[in-house]
Amino acid sequence: MSERGERATVLVLGGTSEAREAARLLDEAGRPFLSSLAGRVARPRLPVGPVRIGGFGGVEGLRSFLRARGITAILDATHPFAEQITRNGYAAARAEDLPYVRLARPGWSDAPGAETWRWVADHDEAADAAAGLGRRPMLTIGRRHLGHFLGPLADRPALVRVVDEPDHVVPSGWTVLASRGPYTLDGERALMREHGIDVVVTKDSGGSYTWAKLEAAAERDAAVVIVRRTPPPWGAGEVAEYADPAVAVAAITALSG
Ligand SMILES: NC(=O)c1ccc[n+]([C@@H]2O[C@H](COP(=O)([O-])OP(=O)(O)OC[C@H]3O[C@@H](n4cnc5c(N)ncnc54)[C@H](OP(=O)(O)O)[C@@H]3O)[C@@H](O)[C@H]2O)c1
């Protein structure tokens, strides 16, 4: 029970399939919770249960929100590359002395073939590596970071896959494909064949939703350039981190009382 005599309300920081699964499990268990989405995509996949959409206004905005809504625990199930909201969620939880649990899909560093990929630190490095490794790149890095690739790949017939149309004006030789996963191996094979893809650029998002492209790339001997995850804002062992939504939900439920 929370201090106010109510059952604890868990804030699920979302925008991922894992977050939707966590919401489903919390709902099924009859636990009060609230999912939060950034509002980045035009037609988000909504989780079950109550949802609020939009930024909080930094750490201070999030702290005010936590107090105003009687939130007693945070389950951070945001995407591994949504680094700012994870920093903010963790900082706000610490400042408000609330339990914080991280739910994130594991990365692909141990996946088959990972040792053959070009691992890079950021999108600038990814763009340079892609330019050096192939003539026909496929970019699956989201639309926000496309700007880094415009210069280095301007003269290549890049295939860009994004959920929503990019804000950037892309070179005339590029093809923009608006779609979202999960993707099948057959679909990825056909797409790469159609566009003659010889280098795939991705982030270490991990999980199975978008894995098929890496298998398809390996089959056709296309190079892979992959942006590494940055370390989390907490030290080793400071935060309970899980890959399984059921385990993370059990943990946050136990911690939030
Ligand atoms: N980055 C990716 O590759 C990726 C892929 C798939 C899904 N997503 C999802 O898309 C959302 C945005 O990702 P991002 O990389 O743009 O985030 P980000 O760079 O880490 O966050 C930037 C700002 O967006 C707001 N925000 C982000 N996630 C939020 C959430 N779940 N609820 C409320 N506000 C949120 C916060 O604004 P304030 O500071 O104003 O609070 C945050 O400071 C996340 O929910 C993430 O799970 C991201």
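This note walks through a predicted model of one protein, point by point.

1. **Make-up.** The protein holds eight helices and 12 strands. Several of these elements come up again below.

2. **Overall size.** The radius of gyration is 20 Å, and a compact globule of 257 residues would have one near 18 Å, so the two agree. Along the principal axes, the C-alpha atoms fill a box of roughly 60 × 35 × 30 Å.

3. **Inside and surface.** Of the 257 residues, 47% are buried. The accessible surface comes to about 12,200 Å². Carbon and sulfur atoms own 50% of that surface.

4. **Contacts along the chain.** Consider contacts with a separation of 6 or more. Residues 24 or more positions apart account for 65% of them.

5. **Charge.** There are 31 positive side chains and 32 negative ones. The centres of the two sets lie 4 Å apart.

6. **Strand β8 and its neighbours.** Which strands pair with β8 in the parallel sense? One is β7, residues 137–140, which pairs with β8 over two bridges. In that pairing, M138 stands opposite L159 of β8. Another is β9, residues 175–178, which pairs with β8 over four bridges, again in the parallel sense. Here V162 stands opposite A178 of β9.

7. **The two faces of β8.** Side chains in a regular strand alternate between the two faces of the sheet. Strand β8 spans residues 159–162. L159 and R161 point one way. V160 and V162 point the other way. Are these four side chains buried or exposed? All are buried, and that includes the arginine, R161. A reader checking the model can start with this strand, since its pairings were given above.

8. **A residue in the last listed helix, α8.** A251 is found in helix α8, which covers residues 245–256. Its relative accessible area is 13%; the cut-off for buried is under 20%, so A251 counts as buried. What does A251 touch, leaving aside residues up to four places away in sequence? The answer is V101 and Y242. V101 falls within β5, whose residues are 100–103. L191 makes a useful landmark for distance. L191 and A251 are 60 residues apart in sequence, and their C-alpha atoms are 41 Å apart in space. L191 belongs to α6, which runs over 185–195.

9. **A cis peptide bond.** Most residues other than glycine have a negative phi, and most peptide bonds are trans. The bond from G181 to P182 is cis, with omega near 0 degrees. Where is P182? P182 lies in the loop between β9 and α6. The strand before this loop, β9, is one that pairs with β8.

10. **Positive phi at D97.** D97 is not a glycine, yet its phi is positive, at about 60 degrees. D97 sits in the loop between α3 (83–96) and β5 (100–103). Is D97 buried or exposed? Its relative accessible area is 68%, and exposed means over 50%, so D97 is exposed.

11. **Positive phi at D221.** D221 is not a glycine either, and its phi is positive, at about 65 degrees. The loop that holds D221 runs between α7 (212–219) and β11 (223–227). With a relative accessible area of 72%, D221 is exposed.

Definitions and conventions. Residues are numbered from 1 along each chain as its sequence is written. This is a predicted model: local features need pLDDT of at least 70, side-chain atom pairs count only at pLDDT 80 or more; totals for chains, interfaces and linings use all residues. Side-chain values use heavy atoms; hydrogens and water are left out. The radius of gyration is taken over C-alpha atoms; the globule rule is 2.2 Å times the number of residues to the power 0.38. Buried means under 20% relative accessible area, exposed over 50%, partly exposed in between (1.4 Å probe, protein chains only). Contact means heavy atoms within 4.5 Å. Accessible areas come from the Shrake-Rupley method with a 1.4 Å probe; for residues, only the protein chains shown count as cover. Lys and Arg count as positive and Asp and Glu as negative; His and the chain ends are not counted. The place of a charge is taken as NZ of Lys, CZ of Arg, CG of Asp or CD of Glu. Two strands pair if DSSP finds at least two bridges between them.
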